[in-house]
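Welcome! Let's explore a protein model together through a few questions and answers.

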Amino acid sequence: MKKTLATVLILTLLTALLSGCGSSNTTAAPAATEAPAAEPAAPVEEEAAPAEEEAAPVEEAEEEEEDEENYETGDASLDDPRNQDEIGDKELLVVSFGTSFNDNRRLTIGAIENAIAEAFPDWSVRRGFTSQIIIDHVFARDGEDIDNVTEALDRAVANGVKTLVVQPTHLMHGFEYTDLVNELATYADAFESVTVGEPLLNSEADFDHVAEAIVAATAQYDDGETAICFMGHGTEADSNEIYARMQTVLSEAGCENYYVGTVEAEPSVEDLLAMIEGKGYTKVVLRPLMIVAGDHANNDMAGDDEDSWKSLFEAAGYDVTCVVEGLGQLETVQQILVEHAQVAVDAAK
């Protein structure tokens, strides 16, 4: 019976990969609306995502490791790595790219995990990161041991977990999401049920709610003289279209002074500079459109190097304010991921 279940699981997972997202108990939970299709798996490495969130290159994590030693990232002992044993029969594994910025890890990923744990008191909530470089660096620097996805899955097997729900914190159905489903397929016969939740931006309602949340979070700067610009990560995958889609949602909501760009793809910072030119803005607010505020937010966005977004906007004559806070700090974002986990939990029953 277990082998039959494993075969069904593998076939269902493969079907989900071809269609973009699945609706069975063994892949992604049913979505409220049609989601962007998942992309082919990328070479192994990732909000930043997008993560930090979506398939970030190895160089990014290496740069984070080098650059962050120039400043304090916070107390790692305040962060719960959620790698405890004695899990029980039901586990809810929260999978993130990760960040080695200690305070921000606690305020974003930790806050999402806490919200999920509060919503599902009968489930054991555990953590898995996809960036091994970040995991190794945090351990070497701070002694905090964080599981990668394989270690987290092996821990679940060793603890006798029967029902596994995996909730990613990724923004989109990109390379990272596909890689996660692929790895889960290799554990098809290890659990009685495996269900994967949707990423943050999956349905029309998700886009609307995130747009409302980021507008509310920056309302104090909306004075008619300020362009409010968000830095997404960007990806080579087709799912990069979420940034243009978010721009459309904001524009249709009447937020004409809100702009969305990316650090690794398009729209680029040069595109944003061109968009706001000649519109009478004297000030610019920069904020990351990423789950965490890690290396990209601290250096590529708010850093003092001449090619940072802050420096480029200042060179163009704008008074620049940087808000270095990840999306994971917003309660609305936390609750969207709780809702996605709820759909996955319901599908697992």
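Q: Is lysine 283 buried, partly exposed or exposed?
A: This is a predicted model, so the answer rests on computed values. The relative accessible area of lysine 283 is 26%. Buried would need under 20% and exposed over 50%, so lysine 283 is partly exposed.

Q: Which residue does lysine 283 meet in a salt bridge?
A: Here is a handy idea to start with: side chains of opposite charge can pair when their charged atoms come close. For lysine 283, the N to O distance in the salt bridge is 2.6 Å. The partner is aspartate 223.

Q: How many residues apart in sequence are the parts that lysine 283 and aspartate 223 tie together?
A: Lysine 283 sits in strand 8, which covers residues 283-288. Aspartate 223 sits in the loop between helix 8 (204-217) and strand 6 (226-232). Aspartate 223 is partly exposed, at 40% relative accessibility. The parts tied together by this pair are 60 residues apart.

Q: What separates glutamate 314 and lysine 310 in helix 12?
A: These two form a salt bridge, with their closest N and O atoms 3.5 Å apart. Both belong to helix 12 (residues 309-315), and they are four residues apart. That makes their separation about one helical turn.

Q: Does lysine 310 count as buried or exposed?
A: Its partner glutamate 314 has a relative accessible area of 36%, which makes glutamate 314 partly exposed. Lysine 310 has a relative accessibility of 18%. Because the cut-off for buried is under 20%, lysine 310 counts as buried.

Q: Which residue forms a salt bridge with arginine 105?
A: The closest N and O atoms of this pair are 2.8 Å apart. Arginine 105 is in helix 3 (residues 102-107), while its partner is in the loop between helix 5 (132-142) and helix 6, 39 residues apart. Arginine 105 and this partner are buried. The partner is glutamate 144.

Q: How many salt bridges does the structure hold?
A: We have now met several of these pairs, including lysine 283 with aspartate 223. Another one joins glutamate 314 to lysine 310. In total, the structure holds 15.

Q: What is the relative accessible area of glutamate 113?
A: Glutamate 113 is found in helix 4 (residues 109-119). Leaving out residues up to four places away in sequence, glutamate 113 touches Asp80, Arg82, Val94, Val125 and Arg127. Glutamate 113 is buried, and its relative accessible area is 1%.

Q: Which residues gather with Asp136, Asp145 and Glu151 in a patch of negative charge?
A: The patch lies on the surface. The residue we want is in helix 6 (residues 149-158) and is partly exposed, with a relative accessible area of 39%. The answer is Asp154.

Q: How far apart in space are glycine 160 and glutamate 86, C-alpha to C-alpha?
A: Glycine 160 lies in the loop between helix 6 and strand 4 (163-168), and it is partly exposed at 36% relative accessible area. Not counting residues up to four places away in sequence, glycine 160 touches Gly88 and Asp89. Glycine 160 and glutamate 86 are 74 residues apart in sequence, yet their distance in space is 9.0 Å.

Q: What percentage of the residues in the chain is buried?
A: Let's finish with the whole chain, which has 13 helices and nine strands. The chain exposes about 13900 Å², with carbon and sulfur atoms supplying 48% of that area. Of the 349 residues in the chain, the buried ones make up 57%.

Key: Residues numbered from 1 in each chain as written. Predicted model: local features only at pLDDT ≥ 70, side-chain atom pairs only at ≥ 80, totals over all residues. Heavy atoms only, no water. Helix = DSSP H or I, 4+ residues; strand = E, 2+ residues; numbered from the N terminus. Buried < 20%, exposed > 50% of the residue type's maximum accessible area, 1.4 Å probe, protein only. Areas by Shrake-Rupley, 256 points an atom, 1.4 Å probe, with all protein chains shown as cover. Patch = residues over 30% accessible without salt bridge, like charges linked within 9 Å, V, L, I, M, F, W, Y side chains within 5 Å. Salt bridge = Lys/Arg side-chain N within 4 Å of Asp/Glu carboxyl O. Lys, Arg positive; Asp, Glu negative; His and termini not counted. Charge placed at Lys NZ, Arg CZ, Asp CG, Glu CD. Contact = heavy atoms within 4.5 Å.
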